Amino acid sequence: MDIVAANTLGYALYSDMYRGPSRPANHSRFIFLDPRAHNFYVDWERAAATNVAILRREAGRNPHDKGIAELVGELSMRSDDFRTRWAAHNVRRHYAGTKFFQHPVVGLLELNYQVLGLEEDPGHSLTVYPATPGTSSDEALKLLASWAATEKITELAQAHAG
């Protein structure tokens, strides 16, 4: 659930995650340990359930992965919400759909997403978040790109990863 790379707009979209203590930026830690996630994800319950189901799938595919085991252990100890969802044993593959974000700078974003597995790099995927052209979300992404350029978001992300 780590974000290992992103373009400038990706860093801007998840800017709150990069401003958190988790290094590298991690979806699971953000969702379950950072109170800002409840505002960022318009449907936090769905985001939390999906995140755990994806993590459970990866844990099943890689039962000896120390990083996954440590993450599950940490979240189980620190989050009742995570622990309850983990115990449900739901499994999911995340391919495509629509996500809703309440970004602190540009407001509501309705973004389609597509997850592409990286054949040459198992365990990693590329997720793209296009907005439907001509929508308010399309305009908000353009504003977010402008904000990112002035805020030097890429530098923030690089400093966070290092």
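**Helix crossings and a small set of strands**

Mentor: In this predicted model, helix H5 passes helix H6 in a left-handed crossing.

Trainee: What makes that crossing left-handed?

Mentor: Think of one helix in front of the other: left-handed means the near helix is turned anticlockwise from the far one by less than a right angle. H5 and H6 are assigned to that class.

Trainee: Okay, and why are H5 and H6 called oblique to each other?

Mentor: Start with the angle: the axes of H5 (residues 44–61) and H6 (residues 66–78) cross at roughly 140 degrees and come within 10 Å. Roughly antiparallel needs over 145, and roughly perpendicular covers 65 to 115. The angle fits neither, so the pair is oblique.

Trainee: Which residues make the contact?

Mentor: Leu55, Glu58 and Ala59 of H5 meet Ile68, Leu71 and Val72 of H6. By class, that contact has five nonpolar residues, one charged and no polar ones.

Trainee: How do you know which one is charged?

Mentor: Glu counts as charged, while Ala, Val, Leu and Ile count as nonpolar. So Glu58 is the charged one.

Trainee: Now the sheet. What makes E1 and E3 its edge strands?

Mentor: The open sheet has the order E1-E2-E3, with antiparallel pairing. Strands E1 (96–103) and E3 (125–128) each pair on one side only, which is what puts them at the edges.

Trainee: How do you know that E1 and E2 pair?

Mentor: Pairing takes at least two bridges, and E1 and E2 (residues 107–117) have eight, in the antiparallel sense. For instance, Gln102 has Leu108 in E2 as its bridge partner.

Note on methods: Residues numbered from 1 in each chain as written. Predicted model: local features only at pLDDT ≥ 70, side-chain atom pairs only at ≥ 80, totals over all residues. Heavy atoms only, no water. Helix = DSSP H or I, 4+ residues; strand = E, 2+ residues; numbered from the N terminus. Axes fitted to C-alpha atoms, helices over the stretch in contact; angles between N-to-C directions. Parallel < 35°, antiparallel > 145°, perpendicular 65-115°, else oblique. Contact = heavy atoms within 4.5 Å.
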